[in-house]
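This briefing introduces a structure to someone who has not met it before. Please look over the sequence and the model first, and then read the notes below with both at hand.

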Amino acid sequence: MSEKHIDVSMTVNGFPRSGSVPARRLLSDFLRHDLQLTGTHVGCEHGVCGACTVLLNGKAVRSCLLFAVSVDGGEIVTVEGLANQDGSLGPVQQAFHECHGLQCGFCTPGFITTISAFLDEHPNPTEGQAREAIAGNLCRCTGYQNIIKSVLRAAEIRNEMMQP
Amino acid sequence: MKPAPFEYVRPRTRAGVLAALAAAGEDGKVLAGGQSLIPLLSMRLASPKVLVDINLVPDFSALKISPTHVEIGPTVRHQELLTSEAVRKAVPLLAQALSYVAHPVIRNRGTSVGSIAHADPSGELTAVLSLLDGVVTIEGQDGTREVTGSDFFLGPLESAINSGEMATRVTFGRLPTTMGTACVEVSRRHGDYALVGVCAAIVLGEDHQIDRARISLFSVGPTPIVIDVSGILKGIRIDSKHWREAARFIASSVDPDGDIHATTAYRKNLVEVLSKRGLQCAYQNALDRVAVKQ
(Lines give C-alpha, C1' and ligand atoms only; values in the text may rest on other atoms or scores of the structure.)
Protein backbone atom coordinates (compact mmCIF):
# COMPACT_ATOMS: atom_id res chain seq x y z
CA MET A 1 0.00 0.00 0.00
CA SER A 2 1.48 3.32 -0.96
CA GLU A 3 1.47 6.21 1.45
CA LYS A 4 -1.23 8.83 1.13
CA HIS A 5 -0.04 12.06 -0.49
CA ILE A 6 -1.22 15.55 0.38
CA ASP A 7 -1.06 18.57 -1.94
CA VAL A 8 1.00 21.50 -0.68
CA SER A 9 1.76 24.87 -2.18
CA MET A 10 3.94 27.64 -0.88
CA THR A 11 5.98 30.59 -2.08
CA VAL A 12 9.67 29.79 -2.22
CA ASN A 13 12.11 32.63 -2.91
CA GLY A 14 9.29 34.63 -4.48
CA PHE A 15 7.96 31.90 -6.77
CA PRO A 16 4.86 29.77 -6.22
CA ARG A 17 5.85 26.11 -5.79
CA SER A 18 3.71 23.08 -5.14
CA GLY A 19 3.95 19.37 -4.75
CA SER A 20 2.21 16.27 -3.51
CA VAL A 21 3.96 14.71 -0.55
CA PRO A 22 3.43 12.29 2.34
CA ALA A 23 2.55 14.08 5.58
CA ARG A 24 5.86 13.03 7.11
CA ARG A 25 7.95 14.83 4.45
CA LEU A 26 10.17 17.29 6.34
CA LEU A 27 10.32 20.80 4.88
CA SER A 28 14.09 20.33 4.48
CA ASP A 29 13.50 17.25 2.30
CA PHE A 30 10.71 18.95 0.40
CA LEU A 31 13.07 21.81 -0.50
CA ARG A 32 15.99 19.56 -1.41
CA HIS A 33 14.35 16.52 -2.98
CA ASP A 34 11.08 17.77 -4.39
CA LEU A 35 12.12 21.31 -5.38
CA GLN A 36 15.81 20.53 -6.05
CA LEU A 37 16.85 23.51 -3.92
CA THR A 38 19.94 21.88 -2.44
CA GLY A 39 21.35 25.09 -0.94
CA THR A 40 19.58 24.20 2.30
CA HIS A 41 21.85 21.69 4.03
CA VAL A 42 20.81 18.91 6.38
CA GLY A 43 23.24 18.16 9.20
CA CYS A 44 21.83 16.62 12.35
CA GLU A 45 18.18 16.45 11.27
CA HIS A 46 16.93 16.95 14.81
CA GLY A 47 17.22 20.68 15.34
CA VAL A 48 20.64 20.95 16.94
CA CYS A 49 23.06 22.06 14.20
CA GLY A 50 21.14 24.84 12.45
CA ALA A 51 22.43 24.04 8.94
CA CYS A 52 18.88 23.66 7.55
CA THR A 53 17.63 27.06 8.77
CA VAL A 54 15.28 28.86 6.37
CA LEU A 55 12.97 31.84 6.70
CA LEU A 56 9.25 31.14 7.17
CA ASN A 57 7.13 34.27 6.81
CA GLY A 58 10.27 36.31 7.56
CA LYS A 59 11.34 34.40 10.66
CA ALA A 60 14.23 31.98 10.91
CA VAL A 61 13.14 28.39 11.57
CA ARG A 62 14.65 24.91 11.34
CA SER A 63 13.34 23.28 8.16
CA CYS A 64 14.09 19.82 9.62
CA LEU A 65 11.67 20.55 12.47
CA LEU A 66 8.71 21.34 10.23
CA PHE A 67 6.58 19.19 7.98
CA ALA A 68 6.07 20.55 4.48
CA VAL A 69 2.31 20.09 4.89
CA SER A 70 2.34 22.30 7.99
CA VAL A 71 3.67 25.30 6.09
CA ASP A 72 1.11 25.04 3.26
CA GLY A 73 0.43 28.57 2.07
CA GLY A 74 3.54 29.97 3.77
CA GLU A 75 6.32 32.10 2.38
CA ILE A 76 9.77 30.48 2.44
CA VAL A 77 13.16 32.04 1.73
CA THR A 78 16.19 29.75 1.41
CA VAL A 79 19.84 30.69 0.98
CA GLU A 80 19.21 30.71 -2.78
CA GLY A 81 16.83 33.64 -2.24
CA LEU A 82 19.28 35.82 -0.35
CA ALA A 83 21.48 37.01 -3.23
CA ASN A 84 20.96 40.53 -4.56
CA GLN A 85 18.45 40.90 -7.40
CA ASP A 86 21.25 41.30 -9.95
CA GLY A 87 22.68 37.95 -8.87
CA SER A 88 25.62 39.40 -6.93
CA LEU A 89 26.28 38.28 -3.37
CA GLY A 90 23.79 39.55 -0.77
CA PRO A 91 25.10 41.54 2.21
CA VAL A 92 25.57 38.55 4.53
CA GLN A 93 27.11 36.44 1.76
CA GLN A 94 29.46 39.28 0.83
CA ALA A 95 30.48 39.70 4.48
CA PHE A 96 31.28 35.97 4.80
CA HIS A 97 33.38 36.26 1.64
CA GLU A 98 35.29 39.29 2.93
CA CYS A 99 35.81 38.09 6.51
CA HIS A 100 36.64 34.46 5.70
CA GLY A 101 33.49 33.41 7.55
CA LEU A 102 33.51 29.90 6.08
CA GLN A 103 35.88 27.08 5.37
CA CYS A 104 34.16 23.86 4.26
CA GLY A 105 30.89 25.74 3.84
CA PHE A 106 28.53 23.00 4.99
CA CYS A 107 27.05 25.06 7.83
CA THR A 108 27.09 28.33 5.88
CA PRO A 109 23.54 28.32 4.42
CA GLY A 110 22.13 28.06 7.96
CA PHE A 111 24.31 30.92 9.15
CA ILE A 112 23.38 33.12 6.18
CA THR A 113 19.64 32.67 6.73
CA THR A 114 19.86 33.02 10.52
CA ILE A 115 21.95 36.19 10.29
CA SER A 116 19.76 37.72 7.57
CA ALA A 117 16.68 37.40 9.78
CA PHE A 118 18.62 38.64 12.80
CA LEU A 119 19.82 41.78 11.00
CA ASP A 120 16.26 42.59 9.92
CA GLU A 121 15.43 43.01 13.61
CA HIS A 122 18.83 44.27 14.84
CA PRO A 123 20.35 46.44 12.10
CA ASN A 124 23.19 47.63 14.37
CA PRO A 125 24.10 44.67 16.59
CA THR A 126 26.74 44.64 19.30
CA GLU A 127 29.29 41.84 19.31
CA GLY A 128 27.42 40.25 22.22
CA GLN A 129 24.16 40.28 20.27
CA ALA A 130 25.96 38.80 17.27
CA ARG A 131 27.25 35.92 19.41
CA GLU A 132 23.79 35.29 20.85
CA ALA A 133 22.27 35.35 17.36
CA ILE A 134 24.47 32.54 16.05
CA ALA A 135 24.50 30.48 19.27
CA GLY A 136 22.13 27.95 17.74
CA ASN A 137 24.30 27.22 14.68
CA LEU A 138 27.24 24.81 14.74
CA CYS A 139 30.41 25.29 12.71
CA ARG A 140 33.26 22.80 13.09
CA CYS A 141 35.85 24.66 10.96
CA THR A 142 36.11 28.34 11.72
CA GLY A 143 36.07 28.62 15.50
CA TYR A 144 33.33 31.25 15.03
CA GLN A 145 35.60 34.32 15.36
CA ASN A 146 35.37 35.14 11.66
CA ILE A 147 31.64 34.45 11.67
CA ILE A 148 31.15 37.05 14.41
CA LYS A 149 33.18 39.47 12.28
CA SER A 150 30.99 38.58 9.31
CA VAL A 151 27.80 39.42 11.25
CA LEU A 152 29.15 42.87 12.14
CA ARG A 153 30.49 43.44 8.59
CA ALA A 154 27.14 42.36 7.11
CA ALA A 155 25.41 44.98 9.23
CA GLU A 156 27.78 47.62 7.79
CA ILE A 157 27.17 46.50 4.21
CA ARG A 158 23.40 46.53 4.73
CA ASN A 159 23.50 50.00 6.21
CA GLU A 160 25.67 51.24 3.29
CA MET A 161 23.16 49.77 0.83
CA MET A 162 20.27 51.51 2.59
CA GLN A 163 21.89 54.91 2.21
CA PRO A 164 20.75 56.88 -0.84
CA MET B 1 16.17 9.86 10.81
CA LYS B 2 12.75 10.11 9.14
CA PRO B 3 9.47 9.89 11.01
CA ALA B 4 7.35 6.78 10.58
CA PRO B 5 4.20 7.31 8.49
CA PHE B 6 1.24 8.90 10.23
CA GLU B 7 -2.15 10.25 9.38
CA TYR B 8 -2.20 14.05 9.38
CA VAL B 9 -5.23 16.20 10.14
CA ARG B 10 -5.36 19.96 10.40
CA PRO B 11 -8.77 21.09 11.66
CA ARG B 12 -9.66 24.78 11.52
CA THR B 13 -11.79 24.90 14.67
CA ARG B 14 -11.43 24.01 18.34
CA ALA B 15 -14.35 21.55 18.01
CA GLY B 16 -12.65 19.94 15.02
CA VAL B 17 -9.40 19.50 16.96
CA LEU B 18 -11.17 17.98 19.97
CA ALA B 19 -13.16 15.64 17.72
CA ALA B 20 -10.00 14.51 15.93
CA LEU B 21 -8.21 13.89 19.24
CA ALA B 22 -11.19 11.97 20.61
CA ALA B 23 -11.35 9.83 17.46
CA ALA B 24 -7.63 9.10 17.59
CA GLY B 25 -7.61 8.31 21.32
CA GLU B 26 -4.30 6.84 22.45
CA ASP B 27 -2.97 6.87 18.90
CA GLY B 28 -3.23 10.66 18.59
CA LYS B 29 -0.77 13.44 19.35
CA VAL B 30 -1.08 17.21 19.17
CA LEU B 31 1.31 19.03 16.81
CA ALA B 32 1.77 22.68 17.83
CA GLY B 33 5.33 24.02 17.39
CA GLY B 34 6.80 20.54 17.07
CA GLN B 35 10.25 21.58 18.26
CA SER B 36 10.36 18.73 20.78
CA LEU B 37 7.90 16.37 19.07
CA ILE B 38 9.44 16.27 15.59
CA PRO B 39 12.92 15.22 16.84
CA LEU B 40 11.20 12.43 18.80
CA LEU B 41 9.38 11.35 15.64
CA SER B 42 12.51 11.59 13.50
CA MET B 43 14.50 9.48 15.95
CA ARG B 44 11.50 7.12 16.11
CA LEU B 45 11.31 7.43 19.87
CA ALA B 46 7.63 8.13 19.26
CA SER B 47 5.40 7.05 16.40
CA PRO B 48 1.81 8.21 16.94
CA LYS B 49 -0.63 7.04 14.25
CA VAL B 50 -2.40 10.39 14.01
CA LEU B 51 -0.98 13.91 14.27
CA VAL B 52 -3.51 16.66 14.92
CA ASP B 53 -1.99 19.96 13.73
CA ILE B 54 -3.62 22.76 15.76
CA ASN B 55 -1.92 25.69 14.02
CA LEU B 56 -4.92 26.70 11.91
CA VAL B 57 -7.31 27.27 14.82
CA PRO B 58 -7.48 31.08 15.05
CA ASP B 59 -8.32 31.49 18.75
CA PHE B 60 -5.52 29.13 19.81
CA SER B 61 -2.97 31.84 19.04
CA ALA B 62 -4.50 34.32 21.48
CA LEU B 63 -2.31 35.94 24.13
CA LYS B 64 -4.56 37.81 26.56
CA ILE B 65 -3.18 40.17 29.17
CA SER B 66 -5.78 41.46 31.61
CA PRO B 67 -5.31 43.51 34.80
CA THR B 68 -5.33 40.27 36.77
CA HIS B 69 -4.07 37.50 34.47
CA VAL B 70 -1.94 36.43 31.52
CA GLU B 71 -3.66 33.77 29.40
CA ILE B 72 -1.52 31.92 26.90
CA GLY B 73 -3.10 30.06 23.99
CA PRO B 74 -1.62 26.77 22.76
CA THR B 75 -0.02 28.16 19.58
CA VAL B 76 1.55 31.28 21.12
CA ARG B 77 5.27 31.04 20.27
CA HIS B 78 7.97 31.43 22.91
CA GLN B 79 9.35 34.44 21.07
CA GLU B 80 6.05 36.31 21.17
CA LEU B 81 5.78 35.79 24.91
CA LEU B 82 9.43 36.71 25.47
CA THR B 83 9.23 39.96 23.54
CA SER B 84 5.87 41.15 24.91
CA GLU B 85 6.45 44.17 27.14
CA ALA B 86 3.03 43.67 28.76
CA VAL B 87 3.89 40.08 29.71
CA ARG B 88 7.27 41.18 31.06
CA LYS B 89 5.50 43.65 33.35
CA ALA B 90 2.74 41.27 34.47
CA VAL B 91 4.79 38.09 35.00
CA PRO B 92 8.50 38.96 34.81
CA LEU B 93 9.53 35.36 35.50
CA LEU B 94 8.17 34.27 32.11
CA ALA B 95 10.62 36.48 30.23
CA GLN B 96 13.42 35.66 32.69
CA ALA B 97 12.95 31.93 32.07
CA LEU B 98 12.20 32.11 28.34
CA SER B 99 15.54 33.72 27.56
CA TYR B 100 17.07 30.33 28.53
CA VAL B 101 14.67 28.27 26.38
CA ALA B 102 16.65 26.91 23.43
CA HIS B 103 17.79 29.39 20.75
CA PRO B 104 15.93 32.25 19.08
CA VAL B 105 15.35 30.15 15.95
CA ILE B 106 13.68 27.39 17.99
CA ARG B 107 11.72 29.97 19.99
CA ASN B 108 10.27 31.35 16.74
CA ARG B 109 8.34 28.12 16.26
CA GLY B 110 8.14 26.38 19.64
CA THR B 111 5.12 27.11 21.82
CA SER B 112 5.11 27.85 25.55
CA VAL B 113 1.99 25.81 26.28
CA GLY B 114 3.47 22.93 24.26
CA SER B 115 6.66 23.13 26.30
CA ILE B 116 4.65 22.80 29.51
CA ALA B 117 2.47 20.00 28.10
CA HIS B 118 5.64 18.15 27.02
CA ALA B 119 6.54 18.02 30.76
CA ASP B 120 10.26 17.69 30.20
CA PRO B 121 11.83 17.84 33.68
CA SER B 122 14.60 20.05 32.29
CA GLY B 123 12.13 22.52 30.78
CA GLU B 124 12.36 26.01 32.27
CA LEU B 125 8.64 26.66 31.87
CA THR B 126 7.69 23.56 33.85
CA ALA B 127 9.48 25.12 36.83
CA VAL B 128 7.73 28.44 36.23
CA LEU B 129 4.31 26.77 36.22
CA SER B 130 5.07 24.92 39.46
CA LEU B 131 6.54 27.93 41.25
CA LEU B 132 3.78 30.39 40.35
CA ASP B 133 0.92 27.89 40.58
CA GLY B 134 -0.06 28.55 36.99
CA VAL B 135 -3.28 26.90 35.83
CA VAL B 136 -3.44 24.54 32.84
CA THR B 137 -6.83 24.27 31.17
CA ILE B 138 -7.29 20.78 29.75
CA GLU B 139 -10.06 20.19 27.23
CA GLY B 140 -11.50 17.08 25.73
CA GLN B 141 -14.80 16.22 24.11
CA ASP B 142 -16.15 15.19 27.50
CA GLY B 143 -15.46 18.53 29.12
CA THR B 144 -12.96 20.98 30.50
CA ARG B 145 -10.93 20.81 33.70
CA GLU B 146 -8.20 22.85 35.31
CA VAL B 147 -5.01 21.60 36.93
CA THR B 148 -2.79 23.83 39.05
CA GLY B 149 0.99 24.06 39.28
CA SER B 150 2.88 20.96 40.39
CA ASP B 151 -0.22 18.76 40.14
CA PHE B 152 0.12 18.97 36.36
CA PHE B 153 3.37 16.98 36.28
CA LEU B 154 3.17 13.24 36.96
CA GLY B 155 6.64 12.19 35.81
CA PRO B 156 9.24 12.77 33.10
CA LEU B 157 7.35 13.65 29.89
CA GLU B 158 4.13 12.67 31.67
CA SER B 159 1.43 15.21 32.48
CA ALA B 160 -2.16 15.22 33.73
CA ILE B 161 -3.39 15.35 30.10
CA ASN B 162 -5.17 12.12 29.16
CA SER B 163 -5.46 10.67 25.68
CA GLY B 164 -8.08 12.50 23.67
CA GLU B 165 -7.40 15.72 25.58
CA MET B 166 -5.14 18.73 25.10
CA ALA B 167 -3.95 21.80 26.99
CA THR B 168 -5.92 24.69 25.52
CA ARG B 169 -4.65 27.44 27.78
CA VAL B 170 -2.15 28.24 30.54
CA THR B 171 -3.03 31.06 32.92
CA PHE B 172 -0.75 32.95 35.27
CA GLY B 173 -1.94 35.50 37.79
CA ARG B 174 -0.30 38.92 37.56
CA LEU B 175 2.51 38.97 40.12
CA PRO B 176 2.10 41.38 43.04
CA THR B 177 4.59 44.27 42.96
CA THR B 178 5.98 43.03 46.27
CA MET B 179 7.13 39.83 44.55
CA GLY B 180 10.53 39.50 42.88
CA THR B 181 11.55 36.56 40.72
CA ALA B 182 14.62 35.15 39.01
CA CYS B 183 15.66 32.25 36.78
CA VAL B 184 19.25 31.02 36.77
CA GLU B 185 20.77 27.88 35.31
CA VAL B 186 24.03 26.23 34.35
CA SER B 187 24.34 24.48 31.00
CA ARG B 188 27.30 23.35 28.93
CA ARG B 189 26.44 25.78 26.14
CA HIS B 190 23.95 28.63 26.04
CA GLY B 191 20.59 27.26 24.90
CA ASP B 192 21.35 23.67 25.90
CA TYR B 193 19.36 21.77 28.48
CA ALA B 194 20.25 22.93 31.98
CA LEU B 195 22.42 20.66 34.12
CA VAL B 196 20.56 22.32 36.98
CA GLY B 197 18.21 25.28 36.95
CA VAL B 198 16.41 27.34 39.54
CA CYS B 199 13.38 29.63 39.49
CA ALA B 200 13.00 31.68 42.66
CA ALA B 201 10.28 33.95 44.03
CA ILE B 202 10.45 36.24 47.06
CA VAL B 203 7.60 38.29 48.49
CA LEU B 204 8.47 41.32 50.59
CA GLY B 205 6.46 42.29 53.63
CA GLU B 206 6.68 45.33 55.85
CA ASP B 207 9.83 47.39 55.70
CA HIS B 208 11.31 45.41 52.77
CA GLN B 209 11.74 42.36 54.96
CA ILE B 210 11.23 38.94 53.38
CA ASP B 211 7.76 37.53 53.97
CA ARG B 212 7.78 34.45 51.74
CA ALA B 213 10.45 32.67 49.68
CA ARG B 214 10.00 29.71 47.35
CA ILE B 215 12.15 27.98 44.83
CA SER B 216 11.45 25.60 41.95
CA LEU B 217 14.24 23.33 40.70
CA PHE B 218 14.44 21.83 37.22
CA SER B 219 16.76 19.15 35.79
CA VAL B 220 17.01 17.86 39.35
CA GLY B 221 14.16 15.34 39.66
CA PRO B 222 11.54 13.61 37.47
CA THR B 223 9.30 16.69 37.82
CA PRO B 224 9.99 20.27 39.01
CA ILE B 225 10.71 20.33 42.76
CA VAL B 226 9.19 23.21 44.73
CA ILE B 227 10.75 24.01 48.11
CA ASP B 228 9.52 26.67 50.54
CA VAL B 229 12.25 28.42 52.52
CA SER B 230 10.07 31.11 54.07
CA GLY B 231 10.86 29.62 57.49
CA ILE B 232 14.56 30.36 57.07
CA LEU B 233 14.34 33.72 55.30
CA LYS B 234 11.23 35.29 56.86
CA GLY B 235 11.87 38.59 58.49
CA ILE B 236 15.41 39.07 57.21
CA ARG B 237 16.91 41.69 54.94
CA ILE B 238 20.30 41.13 53.38
CA ASP B 239 22.41 38.73 55.37
CA SER B 240 24.77 36.30 53.68
CA LYS B 241 24.44 33.75 56.48
CA HIS B 242 20.72 33.29 55.86
CA TRP B 243 21.07 32.95 52.10
CA ARG B 244 23.66 30.24 52.64
CA GLU B 245 21.50 28.48 55.20
CA ALA B 246 18.51 28.48 52.86
CA ALA B 247 20.63 27.22 49.94
CA ARG B 248 22.10 24.41 52.06
CA PHE B 249 18.64 23.40 53.23
CA ILE B 250 17.45 23.23 49.61
CA ALA B 251 20.48 21.18 48.52
CA SER B 252 20.04 18.79 51.44
CA SER B 253 16.38 18.24 50.45
CA VAL B 254 17.14 16.85 46.99
CA ASP B 255 18.83 13.75 45.63
CA PRO B 256 19.38 14.31 41.91
CA ASP B 257 20.41 11.43 39.63
CA GLY B 258 23.88 11.48 38.14
CA ASP B 259 24.38 10.93 34.43
CA ILE B 260 26.96 11.38 31.68
CA HIS B 261 26.56 15.18 31.93
CA ALA B 262 26.88 15.66 35.70
CA THR B 263 27.37 13.50 38.78
CA THR B 264 24.98 13.54 41.72
CA ALA B 265 27.51 15.43 43.85
CA TYR B 266 28.06 18.08 41.16
CA ARG B 267 24.31 18.53 40.68
CA LYS B 268 23.80 18.92 44.44
CA ASN B 269 26.56 21.51 44.51
CA LEU B 270 24.93 23.36 41.61
CA VAL B 271 21.58 23.26 43.44
CA GLU B 272 23.17 25.00 46.42
CA VAL B 273 25.09 27.60 44.40
CA LEU B 274 22.20 28.38 42.06
CA SER B 275 19.60 28.45 44.85
CA LYS B 276 21.60 31.09 46.68
CA ARG B 277 22.12 33.08 43.50
CA GLY B 278 18.47 32.71 42.47
CA LEU B 279 17.12 33.81 45.85
CA GLN B 280 19.45 36.81 45.96
CA CYS B 281 18.51 37.84 42.41
CA ALA B 282 14.81 37.45 43.24
CA TYR B 283 15.26 39.58 46.35
CA GLN B 284 17.00 42.30 44.33
CA ASN B 285 14.26 42.07 41.71
CA ALA B 286 11.63 42.50 44.45
CA LEU B 287 13.40 45.59 45.81
CA ASP B 288 13.56 47.03 42.27
CA ARG B 289 9.88 46.38 41.66
CA VAL B 290 8.87 47.95 44.95
CA ALA B 291 11.08 50.97 44.16
CA VAL B 292 9.46 51.42 40.74
CA LYS B 293 6.03 51.20 42.31
CA GLN B 294 6.78 53.94 44.87
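A residue is called buried when its relative accessible area is under 20%, with a 1.4 Å probe and protein chains only. The model discussed here is a predicted one, and by that cut-off Asn108(B) counts as buried because its relative accessible area is 16%. The points below begin with Asn108(B), go on to the interface of chain B and chain A, and end with chain A.

**Asn108(B) and its surroundings**

- Asn108(B) lies in chain B, in the loop that runs between helix H6 (104–107) and helix H7 (112–118).
- When neighbours within four places in sequence are set aside, the contacts of Asn108(B) include Lys59(A), Ala60(A) and Val61(A) from chain A, and they also include Arg77(B) and Gln79(B) from chain B.

**The interface of chain B and chain A**

- The size of an interface is often expressed as the accessible area that is lost when the parts come together.
- Between chain B and chain A the buried area is about 2300 Å², and carbon and sulfur atoms give 61% of this area.
- Of the area that chain B buries against chain A, 23% is supplied by Tyr8(B), Val105(B) and Arg109(B), which is more than any other three residues supply.
- In terms of contacts, 27 residues of chain B touch 27 residues of chain A.
- The rule finds 3 salt bridges across this interface, and the side chains of Arg10(B) and Asp72(A) meet in a salt bridge with an N to O distance of 3.6 Å.
- Between the two chains there are 8 residue pairs in polar contact, counted where both residues are at pLDDT 80 or more.
- On the side of chain B that touches chain A, at least two residues each come from helix H2 (37–42), strand E3 (50–53) and H6, and by class this side has 15 nonpolar, 6 polar and 6 charged residues.

**Chain A as a whole**

- Chain A has 5 helices and 5 strands, and along the sequence these follow the pattern β-β-α-β-β-β-α-α-α-α.
- The radius of gyration of chain A is 16 Å, close to the 15 Å that the globule rule gives for 164 residues, so chain A is as compact as a globular protein of that length.
- The C-alpha trace of chain A spans about 55 × 35 × 25 Å along its principal axes.
- Buried residues account for 51% of the 164 residues in chain A.
- Of the contacts in chain A between residues at least 6 apart in sequence, 55% join residues at least 24 apart.

Terms used:
Residues are numbered from 1 along each chain as its sequence is written. Chains are lettered from A and ligands numbered from 1 in the order in which they are written. This is a predicted model: local features need pLDDT of at least 70, side-chain atom pairs count only at pLDDT 80 or more; totals for chains, interfaces and linings use all residues. Side-chain values use heavy atoms; hydrogens and water are left out. Helices (H or I, at least four residues) and strands (E, at least two) are DSSP runs, numbered from the N terminus. Buried means under 20% relative accessible area, exposed over 50%, partly exposed in between (1.4 Å probe, protein chains only). Contact means heavy atoms within 4.5 Å. Buried area is the accessible area (1.4 Å probe) that two parts lose on being put together, summed over both. A salt bridge is a side-chain nitrogen of Lys or Arg within 4 Å of a carboxyl oxygen of Asp or Glu. A polar contact is a pair of N or O atoms within 3.5 Å; within protein, one must be able to donate a hydrogen and the other to accept it, and residues adjacent in sequence count only if both atoms are side-chain atoms. Ala, Val, Leu, Ile, Met, Phe, Trp, Tyr, Cys and Pro count as nonpolar, Asp, Glu, Lys and Arg as charged, and the others, Gly among them, as polar. The radius of gyration is taken over C-alpha atoms; the globule rule is 2.2 Å times the number of residues to the power 0.38.
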